[in-house]
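Please read the following report alongside the sequence and the coordinates. Its topics are confidence, domain arrangement and burial.

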Amino acid sequence: MYVAVKGGEAAIANAHKMLADRRRGDRSVPAITVEQLVEQLALGVDRVMAEASLYAPELAALAVKQARGDMIEAIFLLRAYRTTLPRFGASRPVETGEMIAERRISATYKDLPGGQVLGPTFDYTHRLLDPELAGDGEVPPAPARESEGEPLTRVADILAHEDLIERSAAGPQDEPFPEEPSGDLTREPLEFPMARDLRLQALARGDEGFLLALGYSTQRGYGRTHPFAGEIRMGEVEVEMDVPELGFSVALGAVKVTECQMVNQFAGSAKVPPQFTRGYGLVFGQSERKAMSMALVDRSLRAGELGEDRVAPAQDEEFVISHSDNVQATGFVEHLKLPHYVDFQAELDLVRRMRGEFEEKAKGSDTAKQEAAE
Amino acid sequence: MTVMTGDIATYNFAYLDEQTKRMIRRAILKAIAIPGYQVPFASREMPMPYGWGTGGVQVTASIIGPDDTLKVIDQGADDTTNAVSIRAFFQKVANVAVTTHTRDATIIQTRHRIPEEPLTEGQVLVYQVPIPEPLRFLEPRETETRKMHALEEYGLMHVKLYEDIARHGHIATTYAYPVLVADRYVMDPSPTPKFDNPKMDMSPALQLFGAGREKRIYAIPPYTRVVSLDFEDHPFEIQSFEEPCALCAAEGVYLDEVILDDHGGRMFVCSDTDHCEERLAQGHKGRLAAEDAYAAKEPAQ
Amino acid sequence: MQTLQFDAGQFTAKAVDGGFADPVYDAQAVFHALMQANARPGVRETLADRLEPPAPLEAGLAAVALTLCDPDTPVWLSPALRTDAVRAWLAFHAGCPLTDDAGAAAFVLCAQDDTPPAQDTLHAGTQEYPDRAATLVLALPALDGGAALTLTGPGIEQSAAISPVGLPDGFVAARADNRALFPRGVDVVLVSGRDLVALPRTTVVATADGSSSNAEAN
C-alpha cells in the first residue's frame, strides 16, 4: 500500500515559522533595530541599496534584518519592493562635481586644489581585531575639517582642460547633457549590444564580488587597460527633478554616492590622437571597491568602441552583463533544488535503455570473438 | 490603483502595477501573432526567485481576472512545494478561485508537464520556462541565436540531433525536446518530457510561455501545428512505460518512479496527480492501491 | 513626435470622465477579449459596456487604447479623431504620445469614416525583432453583412468566416502582401461598437470567390 506524500502547504508554513524563530535567535538577547543597522552596519546597508537600485536606508536595513544578514537575499527583498513602486519621472543627472566630498583621493597627482581628503576609510588601518569594539565604549567625535563645504574640482576635468583625456558628456567643461533620457533596463527589455548608459546601469547594480573578480582579471593581463585611479570621491549629491509644468527643477533631497574615474592609457588611432580614456564607476553609498571595479570593467567593455581586440572575459559585454546580476544568478543556481523528477525520470529511462543496448552489444561482440576463436 | 485591502493593501491586484501588465499584455499579443517567436519583455523582479517561475507568474498575473479559476502544477502535481507556493501567492494577491481539477481551470500554470486530460477551448496553459532559447546550448550568444531565428537557419540543431544518432543510435534528448511551430520557428517547449510534445500540436487551448530571468514571452495559439524535430530514418517517438500506474492502473500516461525501500524496491505512479486521483475516485485500482487510498489522501489544498 | 501636454483648457471634466469605471478589472476584461480574439482569429468578442469616450472615438477603439497604450507606445490617430476632446481624453486616461507619422506608431487607430494609412506604410517590425510591428485598429460600421471572407491559419481549426462591412479598398490584397512578410507584418483588430475581431499577421484572408491572401502572397 502506498499513499503519495501530501501536505506541502503545512510544510511550507512550518518552515516559515522556523525561519522566523531562527532569525530572532536567543530571545534573551535584545532584538536589533533598523536604526542600529543604518547607523552601525552602514556599508552593508549601502551595498544593498546599490545593488537593489533603490536609495532607501531604512528599507535596506529592514531587508538586511529580514534576510538575517544574507546580502543577496536582502538585495532581492529590496528589489522586489522597488518593482512595485510607481514612477513619477526621471531626475536630472546628479552633479558629482558639486559634491561636498567626505573623501576625495587621486592617485595621479601628488597635490591638487582641495588636496587629498582621506575621510572615513579603512585604508591604513592595521587589520587588528579591536577588543574595545566588543563592548560599547565611548567613541570621541571626529575632528571637523577646515575646508568643509567647498566643492572640489574633478581630476578628469583638470586633464580635460589640457585636452589629454577623451571628452565625456559627464563633465561640466564638456557639452551639455543630451536631451535623450537615459535608458532603464528595469523597464525595457535587454538587447545586445547595449548602449553605454544601460551598461553602466547594469554594472552599478551588478554583483560586487563578480565585478571585483573581473576588474582584477584585467589587472592580471586578461584584457589589460593600464588604469590609474584618477579620482575617487564619496559624499552627498543633490538630486533634482525637472517639472515641466512648473518650468524649473525641484530639489528632491540628497544621496550619498561613491564615484571613481579611472584614467586609462590609450595609444590613439588613425582618427583619434593619443590621449587618456576613461572608465567610470558610480554607486550608491560608500563603496569604493565596487566603484573601482565598475570603472575597470566599464573601461574593459569599451574595447570594441576603442578598436581594441576583444580577447578576455571582462571585454565580453554579453558575458559580463548576462552574469553580473546576483539576484538572477542566485535564483537560477538555487532553482536546481526544485523538483526535477519528471526530467530525471526521462533521463533515467534513456540511460537504462542505452545501458541495455551497450551490454547487448558487448555480449554480441563477446560471442563473435568466441565464435572466431573456435 | 490599490484594490486589495487589509494586510496587502499596498499591492495592486495580481501584484504587478498596471503599466507593467500593459507591457506584458502587449508582448503576449505579439507572441500570439508570431507563434514560437520569443518576444523580449522587461521582466520585473518578482517576490520569488528567478528560475522559480517568475516568467510564468508574470504572464499569469497579466492575464488573470476575478472570474478565472487557477490550477498550478509542478512536475504534474498540485501539491509540490513550489506549486503550493505559487498558488498561495495568487490566492493572496488576486483572490482568485483555485482548483486542482484540470477541467475546472481556466488558467493552468505549469512547470515541466502538460496535464494528461486533453485541454479545451478557452483554457490557457502557462508554462514556466528556465531557458527559452532552443539553440542556447549550441550557441551561448543571444546575438548569434537571434540571427539564426531571423534567417530561419536551424542547421545547427539538426546537426546536434544527428550527432546524437551517430553516437548513441538515437536522439539523446528526453526533455525540452525542440519543436517547429507553425512551420517557422524552432521553439523550446520548456523542460517538459518529450512524452508531452504531441499534446502541444493542434491543442484547442492557448499556450503561453514565460521566461522571467531570460526576459522572454512566447506563445502557441490554439490549433497550431507543433512538430517535434526528427529525421525520416529516425522518427520522433515518445517514452513508454512497461507497467501501468501502481495506484490507478492508468496506461499511456507519464509516470514517476518512486523508491520504496533501501533495497531497490520501486513503483511507478502517475506524475499527474489530478488525473490519478480522478481515476481512483472512479474505482480504477492498480497493484499497490490501498482499499481506501483515495479517502486517505487529503485534497492538495 | 509630440507629447500630450495637459493645458488648462483641455483639463476639463470631459477629459476625466468616461474612462474605465474600474481601471484594473476593466482593462483585464478587455485584454482577455483581445487575447482570445487574437488566439482565435475570426471569433468575435464582445466587450462590456464600461466606457464613454468623447465622439467620434468609438468604444471599441477607446477600449483598445486604454488597455494597451501608455507612455511607451506612440499612437497615430486618423484625421476624424484629432479633436481636442479625444486628445485630452487619451492624454488623461492612457498618457500615450501621439505621432503624425503612421510609420512610427505602435498603434494606429482609425475611425469609421476615415481611410487608414496603407498597411505597407506601417511599421512591420524587423526580421530580428518582428514583435516591434504596429497594430492597426480599424473601426467599422458592422462586423456582419459585408462580403464573406474565409480565414485560415494558426488559431483556426479548419477555417473561419467573417463578413465585416466597410473594409478599406484592397484590404484582402494588403493582408496577402503583409502575410508574405512573415514573421514581419502588421496585426489588425476590427472593431464595431463593442464587438471586435482580430486578424493577426498569421491569418490568411480569402474572399468568397477564392482569391486568397495566400495565393497572392505566393
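The text below takes chain A before chain C.

This is a predicted model, in which local features need pLDDT of at least 70 and side-chain atom pairs count only at pLDDT 80 or more, whereas totals for chains, interfaces and linings use all residues. Residues are numbered from 1 along each chain as its sequence is written, and chains are lettered from A and ligands numbered from 1 in the order in which they are written.

Chain A has an average pLDDT (the predictor's confidence in each residue, from 0 to 100) of 89, and 93% of the residues score at least 70. Two segments of chain A stay under 50, and the table gives their contacts (C-beta atoms, placed from the backbone, within 7 Å).

| Segment of chain A | pLDDT | Contacts beyond four places in sequence |
|---|---|---|
| residues 1-5 | under 50 | 13 contacts |
| residues 169-177 | under 50 | 17 contacts |

Chain A is divided into domain 1 (12-82) and domain 2 (96-120 + 147-327), with bounds from an automatic or database domain assignment. Their C-alpha centres lie 29 Å apart, and the contact takes twelve residues from domain 1 and 14 residues from domain 2. On the domain 1 side, helix 3 (42-52) and helix 5 (71-82) each supply at least two residues, with helix 3 giving the largest share, six residues.

Chain C contains six helices and nine strands, as DSSP runs (H or I, at least four residues; E, at least two) numbered from the N terminus. Of its 218 residues, 53% count as buried, that is, with 20 or more other C-beta atoms, placed from the backbone, within 10 Å of their own. In helix 3 (residues 59-68) of chain C, ten of ten residues are buried, including C:Leu61 and C:Val64.

Terms used
Buried ≥ 20, exposed ≤ 12 C-beta atoms within 10 Å, placed from the backbone.
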